[in-house]
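Here's an informal walk through a model, with a few local spots picked out along the way. Have the coordinates open while you read.

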Amino acid sequence: MSYPQPRRRAPLAVGAGIAAVALTLAGCSSGPAETETPDEPVELRMTVWTADETQLALFQEIADAYVAENSDLVSGVTFEPIPFDAYTTTLTTQLAGGNPPDLGWILESYAPEFVQSGALIDIAPTLQEAEGYEYDDLLDSSLALWQQDDGLFAYPFSNSPFAMFVNTDQLAAAGQPNPAELVASGDWTLDAARDMSAAAAAASGKQGLVVRDFDYKAWEVLASVWNGWGAAPWSEDGTQCTFTEPEMVDAMTWIHDAIFTDAAMPEPGVTADFFAGDAAMTITQISRASALDDSFAWDIVPLPAGPEGQQNVIGQAGIGVFANAEHPTIAADFLAYFTAPENAEKLATYFPPPRESLLNAETLGAANPKLSEEQLQAVVVDGIQDAVTKPTHANFAKLQDTVRAELDALWTADADVEAVLEDTCAAVSPLLEG
Amino acid sequence: MTTTAASDAAETTERRGRAERPPRPAGAHRRRAAATRGDWIVGYTMVAPAVLGALAFVIAPLFAVFWFSLHDWNVLANTFVFSGTENYERMLSDQGLHDSLLASLWFSIGLVVLNITLALFLAVLLNQKLPGTTTFRTFFFSPVVVSLVAWTIVWSFLLQADGGINGFLSLVGIDGPNWLRNDFTAMMSVIVVQVFKNVGMNMILFLAALQGVPEEIMEAARIDGAGAWRRFRAITLPMISPTILLVSILTIVGSLEVFAQIAVLTGGGPGNSTTVLVYYLYQQAFRFNDFGYASGISVLLFIIVLILTLIQWQTRKRWVFNEN
């Protein structure tokens, strides 16, 4: 596979001038006009939140191949792991300190903020013009969050559906049916999951259903539950609070009761790791399947249906090129190589890709030996289709903290759900309007 | 007449000066001048790294932060626009900031009272010549050298609903609360975690001060019939008051700078009950990317610390031994 090779035709000053123009254009939400032509090969830096050695080795392998093909342009690519908890904070600190990476992963929650702020350049022209890239293979639904006007401001390299992981040993010990049977019979509902979890928790003395990563702080993960009611925290255009809508009130009442009445979910301050055998079920992303071992029998099934039916939810992560980076056009060129069909297939080992041609059980199965083709088809392939993403907003950081603070009042046994949600809307409405 | 009197006075002064000072050896003045110049060079060379360091990493950032506070600075949007006093005007009506100031006040009061009282109590206790005191001194000082984040993470597990503290309480029949999920207990938990982390340092400072109290005075007081409490109140406390001043300044300043404990233990919650000033500043800067406003809050924090320190320094004359 070959990509347009940059023409070496300008001294450093001219190159810098072109870069400056490119930066200016990027600031105006435009894409890079043409790749820079530096006097010396440049070093690229990409921030990531994985510290997995095998994933980093794969990235490096792809990057090394790019460097070999473009040795006059790039001397090396460094992948800089930053812990997930502090990822976005560290990234913005680097931007503030005038030390931006050339490329970086971006969490879907912050996508609108990064896209609308002009922090990223439009990579669509570079990807579309890259030879053999097959831009049309990218799913529109996957790109939606990262687009503005006609531009694409990040490549959604990971599309990880939420699914229900179940400890079938604990369920069987509590005399509960196998969720797969309920899926087959069409009875796999949130109420069923709650009742089975409560029974398993009572029998085992452990916990029932854990919404992983929620921990009474990351409330947005509850989207994997409230979508069953067709609920959302705010309107589609992001201007109206909808926490007080009947769907959300019902969903939150269900969650509150599941915690404090049914004992189906752990109370605040109680830790339970499904993968360590502490819980009967967990809702989490399919990418966590690698944490499973053979210490207990398990299964993975789609999210249960709520009153409004079954809804698929995905978490996304994009790779963007920073407008303030030293070499944005070269970085975009590298991104085109990094995510081209061949390499996207390699990356699919760990990250379900946005490419339609790769979204099949066969491709994903080769990379996920722990999951059967049936599981991959039902949970991953079908789970990405028509899925909604977790809540996002251009003002997400403030909304995230404000909603967390307001919902803290909900996580007590005697909470008045409607009143708390009214308070939540009162607190977040100015942020939505602003 | 006047001239004569002045001349007499001058002569008298000169004579008195001659009488009080020993005669200088020949050439001493020149040697002293040369030595002073040498000392000047050596002295300033020695302090230069510290001065340059302070200029580069304390004074310059201080001015830079003030300059930033006069701007609307969004790092994502890459905007840096002069906004004058807008950020300071915003502070006046920012309820979140007011709440964080109140949270900081409660935290400081709790921490200062608990920390100084406990440190002094432990120091007095461990100042006795009894077997095992060295072991206990080491025990209470050891948290000081432990990593703050590691220390706080361990406490976060202990304070969970099903954590070690409640497990211990259940042994004695007490159903412990969910420490980090209630406004009052969450703030108390953060204070106690911080007290146990640093009380050893203050204890050592008090121990050093206690060991400097002259035994003869205590003995004289004993002979005069003064009891233990009277000796402590009338002799020990005044004698160690300079150390109390030092410890109180350090503890108050430290209490206003608490961050990691909040970030790890409560994340500012429940609600915003433990969102102290520095945590609020962190949110504005690194979560909301509003670096201009965060810089303004930094300046406010600097002013608060400066005022509190100056007040303590000025009031020392009223209660610190030998300062008046």
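A residue is called buried here when its relative accessible area is under 20%, exposed when that figure is over 50%, and partly exposed in between. Keep in mind that this is a predicted model.

**A buried helix in chain A**

With that cut-off, take α12(A): eleven of its eleven residues are buried, so this helix is largely enclosed by the rest of the structure. The buried set includes P328(A), D333(A), Y337(A) and F338(A). A336(A) sits in this helix, which covers residues 328-338 of chain A. How much relative accessible area does A336(A) have? The figure is 1%, and because that is under the 20% limit, A336(A) counts as buried. In sequence, A336(A) is 213 residues from I123(A), yet their C-alpha atoms are 8.5 Å apart in space.

**Around α6 of chain A**

L143(A) belongs to helix α6 of chain A, and with 2% relative accessibility it is buried as well. Leaving out neighbours within four places in sequence, L143(A) is in contact with Y135(A), L138(A), L152(A) and P156(A). For P156(A), the C-alpha distance to L143(A) is 6.5 Å, with their positions 13 residues apart in sequence.

The loop between α5 (124-129) and α6 of chain A holds E134(A). Is E134(A) buried or partly exposed? At 48% relative accessibility, it counts as partly exposed. E134(A) also has a positive phi of about 55°, although it is not a glycine.

**The second largest pocket**

This pocket holds about 770 Å³ of space. Its lining is made of 33 residues, and those nearest the centre are L145(A), E236(A), T389(A), K390(A) and T392(A). By class, the lining splits into 16 nonpolar, 13 polar and four charged residues. Which element gives the largest share of the lining? That is α4(A), with three residues. Elements of chain A that supply at least two lining residues each include α6 (140-143), β4 (147-148), α10 (223-226) and β10 (313-321).

**Over to chain B**

Chain B has 14 helices and two strands, and 38% of its 324 residues count as buried. Among its contacts with a separation of 6 or more, 67% are between residues 24 or more positions apart. The chain exposes about 19,100 Å², with carbon and sulfur atoms supplying 68% of that area.

An unreviewed UniProt entry lists seven stretches of chain B as "transmembrane region", among them 40-68 and 186-213. The same kind of record, also unreviewed, gives "domain: ABC transmembrane type-1" for residues 101-312 of chain B. Here is how those spans look in the model:

| Span of chain B | Helix | Strand | Distance between end C-alpha atoms |
|---|---|---|---|
| residues 40-68 | 100% | 0% | 37 Å |
| residues 186-213 | 89% | 0% | 39 Å |
| residues 101-312 | 74% | 0% | 20 Å |

Two backbone details round things off. G269(B) and P270(B) are joined by a cis peptide bond, with omega at about -5°. P270(B) lies in the loop between α12 (260-265) and α13 (277-287) of chain B. The other detail is at N78(B), which is not a glycine but has a positive phi of about 60°. N78(B) is found in the loop between β1 (71-74) and β2 (79-82) of chain B.

Key. Residues are numbered from 1 along each chain as its sequence is written. Chains are lettered from A and ligands numbered from 1 in the order in which they are written. This is a predicted model: local features need pLDDT of at least 70, side-chain atom pairs count only at pLDDT 80 or more; totals for chains, interfaces and linings use all residues. Side-chain values use heavy atoms; hydrogens and water are left out. On a 1 Å grid over the protein atoms alone, a cavity is a set of points where a 1.4 Å probe fits but cannot get out, and a pocket is an open set with protein on both sides within 12 Å along at least five of seven lines; lining residues have an atom within 4 Å of a point. Grid points are joined across faces, edges and corners, and a volume is the space filled by probe spheres set on the points. Helices (H or I, at least four residues) and strands (E, at least two) are DSSP runs, numbered from the N terminus. Ala, Val, Leu, Ile, Met, Phe, Trp, Tyr, Cys and Pro count as nonpolar, Asp, Glu, Lys and Arg as charged, and the others, Gly among them, as polar. Buried means under 20% relative accessible area, exposed over 50%, partly exposed in between (1.4 Å probe, protein chains only). Contact means heavy atoms within 4.5 Å. Accessible areas come from the Shrake-Rupley method with a 1.4 Å probe; for residues, only the protein chains shown count as cover. UniProt positions are given in the numbering used here, feature names are shortened, and annotations may be inferred rather than shown by experiment.
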